[in-house]
Amino acid sequence: MFDIQTQLFEGRDIRFGPIDYEKDPQIESKWTHDSDFMRLYGIDPARPMSPAMVKKKYEKLEKEIEESKNIFYFTIRAREDDRLIGKAVVSRIEWSNGNGWIELGIGSADDRRKGYGTQALQLLLRFAFVELNLYRVTARVQEYNEAAIALLKKFGFTEEVRRRQALERDSRRWDLLVFGLLKDEWAKQAQA
Amino acid sequence: MRDLFRGDLVRLTAEDPETRAKIEVHWQRDSEYRRFLDAEAVMVVSEKWLKDWFEKRDEEGFGPHRYVFSVRTLAEDKLIGFFALWVDLVHSEAWVGIGIGEREFWGKGCGTDAMRLCLRYAFTELNVQRVSLGLMDYNPRALRSYEKAGFRLEGRTRGDVQRAGRHHDSLWMGILRAEWLGLDAAAVE
Ligand SMILES: CC(C)(COP(=O)(O)OP(=O)(O)OC[C@H]1O[C@@H](n2cnc3c(N)ncnc32)[C@H](O)[C@@H]1OP(=O)(O)O)[C@@H](O)C(=O)NCCC(=O)NCCS
């Protein structure tokens, strides 16, 4: 179904690319000043970062990628102007088990609800299953992150675990959900 | 106040790196034991490497993110296992890893007794809101032990562990502070 000529990094309106040390720190710095985004993307305390701090983070990340051999990191770029719009990651890969954790973020609110996330997840899953040859992928989502949950469900992910009240935000406790998708399940819907 | 370090069958101790490395080198040669502990491919390392590792760990200190205990039997004062708590201070959650390395002590209640001490420590000394752990579906003894200690099964990630030519599920368990307080009403005296 996918042959060797298939361009793994090309979507309809977006493409996967490397980090651009000149332009990206400025943009990602802006995202980190949006606490809504930070609280959807992760569970660490939200924290603004300067462009210089973001640059340092990229350097650390690329070193970790080289050393650990279990992280695959893409920037998501708009095809029209190669502008940075998000990131897509497979990390914590356990090679002997064929499992990896995925993360996806569209940084600016202006770029959300345009189908970029859907296209990026399509590329990321194809990469995870036909290039990394994983048996399954896993995603962690906060119960309040409705957009992410809807996106995962659209791709056939199953809610496998509900870690009750594992997260505290705004003085209340929230569940953390774990979703999984097996290669077989993906292959069926990718063909359809 | 309750003695936090003494259960019905076991007590909690700190051991020298030498003692810990010597016994670990013996436990790690039991691949069945090692396959229960986590999902990574099992490996053996030298006693020297282990001693350096335990020394470094001790230097890093006790808490605020990691709390490690050794487990000895009350009857013979024999070193049989360990447990560790990793704490997420922001979200007030602790993860546990536990292992009884001396396999002749499996199924005799020692691990469950240690887990009860672990929960009391997590909820009354570290004051976390939640304690979590993971295990594999090929370890029914552990599942039963954790249920006895009060954990609830919160789900399973399908086929994310591959061992012995098959895919197995990881099981995810958790216990909330309110649930534990209900179980162990005497604990708050
Ligand atoms: C898991 C462990 C901590 C449990 O401690 P323990 O002291 O052995 O547990 P207990 O003796 O209190 O309880 C074992 C329970 O499992 C049951 N059990 C044992 N084998 C079983 C099996 N094959 N199927 C179902 N239940 C089983 C026992 O009957 C007992 O339940 P009961 O009291 O209702 O009869 C300990 O066995 C251990 O360290 N094992 C090796 C390492 C390990 O598995 N670590 C955990 C990684 S997540």
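**Exercise 1. The largest cavity**

Task: Find which residues line the largest cavity, then say which elements give two or more of them.

Solution. Start with the lining: A:I19, A:D24, A:E28, A:W31, A:Y58, A:Y73, A:T75, A:L84, A:G86 and A:K87 line the largest cavity. Next, assign elements. In chain A, α1 (24–32), β2 (72–78) and β3 (84–94) each give two or more residues to this lining. Then sort by class: the lining holds 5 nonpolar, 2 polar and 3 charged residues. Now the volume. The largest cavity encloses about 40 Å³ of space. Last, the search result: the whole structure has 1 cavity of 30 Å³ or more. Keep in mind that this is a predicted model.

**Exercise 2. α1 and α3 of chain B**

Task: Describe how helix α1 of chain B packs on helix α3 of chain B, starting from the angle and ending with the contact residues.

Solution. Locate the helices. In chain B, α1 spans residues 17–27 and α3 spans residues 47–60. Read the geometry: the angle is about 135 degrees, and the axes lie 8 Å apart. Classify the angle. Angles over 145 degrees count as roughly antiparallel, and 65 to 115 as roughly perpendicular. The value here falls in neither range, so α1(B) is oblique to α3(B). Add the hand: the crossing of α1(B) and α3(B) is right-handed.

Now list the partners. From α1(B) come B:P17, B:E18, B:R20, B:A21, B:K22, B:E24 and B:V25. From α3(B) come B:E47, B:L50, B:K51, B:F54, B:E55 and B:D58. Sort this contact by class: 5 residues are nonpolar, none is polar and 8 are charged.

**Exercise 3. α4 and α5 of chain B**

Task: Work out the angle class and hand of the crossing of α4(B) and α5(B), then name the residues that meet.

Solution. Take the axes of α4 (residues 110–124) and α5 (residues 140–149) of chain B: they come within 9 Å and cross at roughly 45 degrees. Under 35 degrees would count as roughly parallel. The angle therefore makes α4(B) oblique to α5(B). The crossing of α4(B) and α5(B) is right-handed. On the α4(B) side, the contact uses B:G111, B:T112, B:M115, B:R116 and B:L119. On the α5(B) side, it uses B:S145, B:Y146, B:K148 and B:A149. By class, the residues of this contact are 4 nonpolar, 3 polar and 2 charged.

**Exercise 4. α4 and α5 of chain A**

Task: Repeat the analysis for α4(A) and α5(A).

Solution. In chain A, helix α4 covers residues 116–131 and helix α5 covers residues 146–154. Their axes come within 11 Å and cross at roughly 50 degrees. That angle makes α4(A) oblique to α5(A). The crossing of α4(A) and α5(A) is right-handed. A:G117, A:T118 and A:L121 of α4(A) meet A:L151, A:L152 and A:K154 of α5(A). Class by class, the contact has 3 nonpolar, 2 polar and 1 charged residue.

**Exercise 5. Two backbone exceptions**

Task: State the form of the peptide bond from B:G63 to B:P64 and the sign of phi at A:N133, and place B:P64 and A:N133 in their loops.

Solution. Begin with the usual case. Most residues other than glycine have a negative phi, and most peptide bonds are trans. Now check omega: from B:G63 to B:P64 it is near -5 degrees, and the bond is cis. B:P64 sits in the loop between α3 and β2 (66–73) of chain B. Then check phi: at A:N133 it is near 60 degrees, a positive value in a non-glycine residue. A:N133 belongs to the loop between α4 and β5 (136–142) of chain A.

Definitions and conventions:
Residues numbered from 1 in each chain as written. Chains lettered and ligands numbered in written order. Predicted model: local features only at pLDDT ≥ 70, side-chain atom pairs only at ≥ 80, totals over all residues. Heavy atoms only, no water. Axes fitted to C-alpha atoms, helices over the stretch in contact; angles between N-to-C directions. Helix = DSSP H or I, 4+ residues; strand = E, 2+ residues; numbered from the N terminus. Left-handed = near helix turned anticlockwise from the far one by under 90°. Contact = heavy atoms within 4.5 Å. Nonpolar A, V, L, I, M, F, W, Y, C, P; charged D, E, K, R; others polar. 1 Å grid on protein atoms, 1.4 Å probe; cavity = no way out; pocket = protein on both sides within 12 Å on 5 of 7 lines; lining within 4 Å. Points joined across faces, edges and corners; volume = space filled by probe spheres on them.
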